[in-house]
Amino acid sequence: MLEFFDSHSHYNDEKFLNDIDKVIQSTYDAGITKFTCIGYNLEQSKKAIEIAEKYHFIYATCGISPNDIEDFKEENLVKIEQISQNNKVVAIGEIGLDYYWNKENKEDQRNLFIKQIEIANRINKPIVIHTRDAFIDTIDILKNHPVKEKGIFHCCPLNQELIKEGLKLGFYISFSGNITFKNAKSEDPVNLVPLDRILIETDSPYLTPEPFRGQRNDSTKVKLVAEKIAQIKGMSLEDVAKATYENAKKIYKV
Ligand code: NI
């Protein structure tokens, strides 16, 4: 059976509160034999670690996202750094800039992003980037504050300039259900990324791929993302599964 690595999911989300163990087990049985549970504020980062400690095939990340900026207190960043020392924590994230949802606090978002890059560099872990409508500032910060262990552009916007710059900086590009959406124009962006730099993810419970849009997402649907990449690149599903699995293992060092 093919094995898949879902590089980005949120089983810490309340939408999984009632059936998390069942969902995780059925996902594993379906061949998604590794996945990462992503934190986005202090509470959810702690929860991600709890989940990762329970299952040998799940890893966690810790961080404060630009959409959780109310969590931006010095003491919370100290706690993020402390809990990120845990062996099951494989990256700082998701962190970054979101000028789509929040236009009023750009300066605070940039500061929070930079402070968490500094945490990643102190503990030698990569970062998971969330960026939306903030291409120029995101690349600018990464150039001025290099990340030693590099990282991942999660649910990468299908912006060819951003992808080119991200690749030049040595980052991985992770695609989600967004490439399966009708009118996504995903061919050129996907073809820009060489096979050794692509990751796949679900961002569960969000971003459910076609033809299941509107339903709760789970990691089994990462196969649909891999299928779309295989179709665009004219490759076998097996080759995409293997490459993305190895890439995720490499960047997360698992
Ligand atoms: Ni996410």
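**A parallel sheet and a nickel site**

In this predicted model, β7, helix α7 (residues 187-192) and β8 make a right-handed β-α-β unit. The strands β7 and β8 are parallel and share three bridges. One facing pair across them is Ser174 and Leu199, the latter in β8.

Step back one strand. β6, helix α6 (residues 160-168) and β7 also form a right-handed β-α-β unit. Two bridges hold β6 (residues 151-153) to β7 (residues 172-175), again in parallel. Here Ile152 faces Tyr172 of β7.

The side chains of β7 deserve a look. In a regular strand, side chains alternate between the two faces of the sheet. In β7, Tyr172 and Ser174 point one way, while Ile173 and Phe175 point the other way. All four of these residues are buried.

Now take in the whole sheet. It is open and has eight strands, in the order β1-β2-β3-β4-β5-β6-β7-β8, with parallel pairing. β1 (4-9) and β8 (198-200) are the edge strands; each has a single partner, so one side of each lacks a neighbour in the sheet. From one strand to the next, the twist averages 25 degrees.

Helices lie across this sheet. Helix α1 (residues 20-29) crosses β2 (32-38) and β3 (58-62), and runs at about 140 degrees to β2. Helix α9 (residues 237-252) lies across β1, β2, β4 (89-98), β5 (127-132), β6, β7 and β8. Its direction is about 55 degrees from that of β1.

Turn next to β4. How many of its ten residues are buried? Ten of the ten are, and the strand is mostly covered. On one side, three bridges join β4 to β3 in parallel, with Cys62 standing opposite Ile92 of β4. Six bridges join β4 to β5, also in parallel. One of the partnerships is between Gly96 and His130, the latter in β5.

β4, helix α4 (residues 106-123) and β5 make another right-handed β-α-β unit. Helix α4 contains Gln109. The relative accessibility of Gln109 is 0%, so it counts as buried. Leaving aside residues up to four places away in sequence, Gln109 touches Pro66, Ile69, Gly96, Leu97, Asp98, Tyr99 and Asn102. His145 sits 36 residues from Gln109 along the chain, and their C-alpha atoms are 15 Å apart.

β4 also leads to the metal. Glu94 lies in this strand, and a cis peptide bond joins Gly93 to Glu94, with omega about 0 degrees. Which residues coordinate the nickel ion? They are His8 (NE2), His10 (NE2), Glu94 (OE) and Asp203 (OD), at 2.1 to 2.4 Å. Along the chain, the donors follow the spacing H-x1-H-x83-E-x108-D. One pair links distant parts of the chain: His10 is in the loop between β1 and α1, and Asp203 is in the loop between β8 and α8 (222-233), 193 residues apart.

Why is the arrangement irregular? For reference, the ideal angle for four tetrahedral donors is 109.5 degrees. The four donor atoms around the nickel ion subtend angles of 83 to 173 degrees. A tetrahedral call needs all angles between 85 and 135 degrees, so this spread makes the arrangement irregular.

Are His10 and Asp203 buried or exposed? His10 has 4% relative accessibility, under the 20% cut-off, so it counts as buried. Asp203 is buried too, with a relative accessible area of 10%.

The loop that carries Asp203 has further backbone features. Phi of Asp203 is positive, near 60 degrees, although the residue is not glycine. Ser204 and Pro205 are joined by a cis peptide bond, with omega about 5 degrees. Pro205 belongs to the loop between β8 and α8. Leu207 is in that loop as well, and has a positive phi of about 55 degrees without being a glycine. Leu207 is partly exposed, because its relative accessible area of 24% falls between the 20% and 50% limits.

Definitions and conventions: Residues numbered from 1 in each chain as written. Predicted model: local features only at pLDDT ≥ 70, side-chain atom pairs only at ≥ 80, totals over all residues. Heavy atoms only, no water. Pairing = 2+ DSSP bridges. Helix = DSSP H or I, 4+ residues; strand = E, 2+ residues; numbered from the N terminus. Axes fitted to C-alpha atoms, helices over the stretch in contact; angles between N-to-C directions. Contact = heavy atoms within 4.5 Å. Donors = N, O, S within 2.8 Å, 3.2 Å for Na, K, Ca; no water. Tetrahedral: all angles 85-135°; square planar, octahedral: opposite > 155°, others 65-115°. Buried < 20%, exposed > 50% of the residue type's maximum accessible area, 1.4 Å probe, protein only. Right-handed = clockwise from strand over helix to strand, strands pointing away.
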